[in-house]
Amino acid sequence: MYGSSATGAAAVAEAIKATGAIIQVEAAVFAQLAAKEKKPLIVIAKGGFMGKGFKYLMGCRGLIFFAKSSEHLLLPGDAEIISAGKIWLPSVC
């Protein structure tokens with residue numbers, strides 16, 4: 001029983017190492033960051049609590065930013081959008 005908990009914790013630790021730091025920001029801040037980037041690459045997934053809302057990921061200056069919004073965000077016209085089935089973030093807790 002303890003082995004599976006340790007294995008799960010190790011898997012989460014490896015996922016965090018693989019992804020690096022993920023910074024959660026408010027939706028408005030995410031939109032502002034995206035507007036400042038030239039041709040940002042943004043991953044969008046529908047869903048969230050009760051299947052409502054949207055989740056967003058974007059790399060910016062070597063960091064990864066994440067935001068959730070109940071509404072679609074206004075994104076730059078030159079953004080490259082990738083639609084994902086799901087965005088999963090490793091949890092430390």
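Me: Buried means under 20% relative accessible area, exposed over 50% and partly exposed in between, with a 1.4 Å probe and protein chains only; why, then, does S69 count as buried?

Reply: The relative accessibility of S69 is 16%, and since buried means under 20%, S69 therefore counts as buried. This is a predicted model in which local features need pLDDT of at least 70 and side-chain atom pairs count only at pLDDT 80 or more, while totals for chains, interfaces and linings use all residues. Residues are numbered from 1 along each chain as its sequence is written, and side-chain values use heavy atoms, with hydrogens and water left out.

Me: What surrounds S69, and which residues does it touch?

Reply: S69 belongs to strand 4, residues 63-69, where helices (H or I, at least four residues) and strands (E, at least two) are DSSP runs numbered from the N terminus. Not counting residues up to four places away in sequence, S69 touches A27, G53, F54 and Y56, a contact being heavy atoms within 4.5 Å. The side chain of S69 also reaches the backbone oxygen of E71 at 2.7 Å.

Me: What makes strand 1 and strand 5 edge strands?

Reply: The sheet is open, with five strands in the order 1-4-3-2-5 and mixed pairing, where two strands pair if DSSP finds at least two bridges between them. Strand 1 (22-24) and strand 5 (80-84) each have a single partner strand, so one side of each is left without a neighbour in the sheet. Neighbouring strands of this sheet are turned by 25 degrees against each other on average, direction ignored.

Me: How do you know that strand 2 and strand 3 pair, and how do they run?

Reply: Five bridges join strand 2 (residues 41-46) to strand 3 (residues 54-60); pairing asks for at least two bridges, and the two strands run antiparallel. Within this pairing, V43 stands opposite L57 in strand 3. Helix 2 (residues 27-36) packs on the sheet, touching strand 2, strand 3 and strand 4, and its direction makes about 130 degrees with that of strand 4; for such angles, axes are lines fitted to C-alpha atoms, for helices over the stretch in contact, and the angles run from 0 to 180 degrees between N-to-C directions.

Me: Why is the pair of F30 and Y56 called tilted?

Reply: Rings of Phe, Tyr and Trp (its six-membered ring) pair if their centres lie within 6.5 Å, and planes under 30 degrees apart count as stacked, over 60 as edge-to-face and the rest as tilted. F30 and Y56 lie 5.7 Å apart centre to centre with 45 degrees between the planes, which makes the aromatic pair tilted. F30 lies in helix 2 and Y56 in strand 3, so the pair ties together parts that are 26 residues apart in sequence. Both F30 and Y56 are buried.

Me: What is unusual about phi in K39 and R61, and are these residues buried or exposed?

Reply: Most residues other than glycine have a negative phi. K39, although not a glycine, has a positive phi of about 50 degrees, and R61, likewise a residue other than glycine, has a positive phi near 55 degrees. K39 sits in the loop between helix 2 and strand 2, while R61 lies in the loop between strand 3 and strand 4. With a relative accessible area of 61%, K39 is exposed, and R61, at 75% relative accessibility, counts as exposed too.

Conventions. Polar contact = N/O pair within 3.5 Å; in protein donor to acceptor, adjacent residues only side chain to side chain.
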